[in-house]
Amino acid sequence: MTFSQYFSGIFKGIGSLIKGMRVTIGVFTEKKVTQQYPENRDTLILPPRVRGKLVMPHDGNNEHACTACGICQMNCPNGTINIVSEMQEVEGKKKRVLVDYFYNLGQCTFCNLCVLTCPSSAIKFSNEFENSVFQRPKLQEKLNNTGSKLRDKKVTSKSAEADATDSTEVKQDEVAPTLSLEDMVDDKGILNENYKTVGQMAVDELKEKDRRAAMAVTSKEDKA
Ligand code: SF4
Ligand code: SF4
């Protein structure tokens, strides 16, 4: 190694060190985004779209919006949802009624398909994320409250929203009118075409929202 090669190596090393330090100092002066969890547990604010675990909101009358149609169970890609229902005579008509709604948190991939395809907005994801347990069977949960029943179809979204006091402390953004199985199937018991597209419509709606948000950002940038 020549004398000049020796010194050029040293200068290259110093240059590289300065480059790295510039990045380090830049990050050091940026606004901090790292949260000191669990120290900040009391003040922790999670983004609203965080998917902690699936819940079924109930109102103050211990009523939910699940018609036990089974669509969420059918759309779940890995058998996380297990719905137990029975036929009961309600006002002279035989109707399917929810008995138990089982959800296995240990299997859930949080894909949200069940929520998107539910025609009654009966389920949603809560922000509750501290879900560790010591025994795997404890991850199996029953989402419907004991003694709960289906909310009356005629309940308007506003009045239901007014007294909604969800036992899981999750407020429903909107309580959609419930669809019964009769609304979704034809005389032969086959799902009607409109209903089949509910999931796709929900996905399209989300895409449209994203598209509009992107357009808003672009127009802001153009104005600037
Ligand atoms: S109403 Fe919604 S939550 Fe209840 S079974 Fe149907 S899709 Fe699932
Ligand atoms: S989020 Fe996905 S995996 Fe979890 S229960 Fe719903 S459909 Fe199944």
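This report walks through the predicted model, from its overall layout to the surroundings of its two ligands.

**Overall layout**

The chain contains seven helices and seven strands. Read from the N terminus, the order of elements is α-β-β-α-β-β-α-β-β-β-α-α-α-α. Of the 224 residues in the chain, 17% are buried. Contacts between residues 24 or more positions apart make up 75% of the contacts with a separation of 6 or more.

How confident is the predictor? The chain has a mean pLDDT of 81. A value of 70 or more is reached by 72% of its residues. Residues 160-179 have a pLDDT below 50. Even so, the model gives this stretch 51 contacts beyond near neighbours in sequence.

**Helix α1**

Helix α1 covers residues 3-29, which is 27 residues. At 1.5 Å a residue, it should span 39 Å. Its end C-alpha atoms are 39 Å apart, so expectation and model agree. Is α1 buried or in the open? The number of its residues that are buried is zero, so the helix lies largely in the open.

**The nonpolar core**

In soluble globular proteins, nonpolar side chains tend to be buried together. Here the largest nonpolar core has 22 residues. The members that touch the most other members are L54, M56, C66, C72, Y101, C114 and I123. Four elements give two or more residues each to this core: β1 (53-55), α2 (71-75), β3 (81-90) and β4 (93-104). The largest share, three residues, comes from β4.

Take I123 as one example from that group. Leaving out residues up to four places away in sequence, I123 touches L54, V55, M56, C72, C114, V115 and C118.

**Around the ligands**

Which residues surround ligand 1? They are C66, T67, A68, C69, G70, I71, C72, I83, C118, S120, A122 and I123. Both C66 and C72 also appear among the core residues that touch the most other members. I123 is in that group too.

Ligand 2 has 14 residues around it. The ones that come nearest are C76, T80, C108, C111 and C114. C114 is also one of the core residues named above.

The table sorts each shell by residue class.

| Shell | Nonpolar | Polar | Charged |
|---|---|---|---|
| Ligand 1 | nine residues | three residues | no residues |
| Ligand 2 | nine residues | five residues | no residues |

The shell around ligand 1 has no charged residues. The shell around ligand 2 has no charged residues either.

How values were computed: Residues numbered from 1 in each chain as written. Chains lettered and ligands numbered in written order. Predicted model: local features only at pLDDT ≥ 70, side-chain atom pairs only at ≥ 80, totals over all residues. Near = placed C-beta within 6 Å. Nonpolar A, V, L, I, M, F, W, Y, C, P; charged D, E, K, R; others polar. Expected span 1.5 Å × (residues − 1). Buried ≥ 20, exposed ≤ 12 C-beta atoms within 10 Å, placed from the backbone. Core = buried A, V, L, I, M, F, W, Y, C linked by C-beta atoms within 7 Å. Contact = placed C-beta atoms within 7 Å. pLDDT = per-residue confidence, 0-100.
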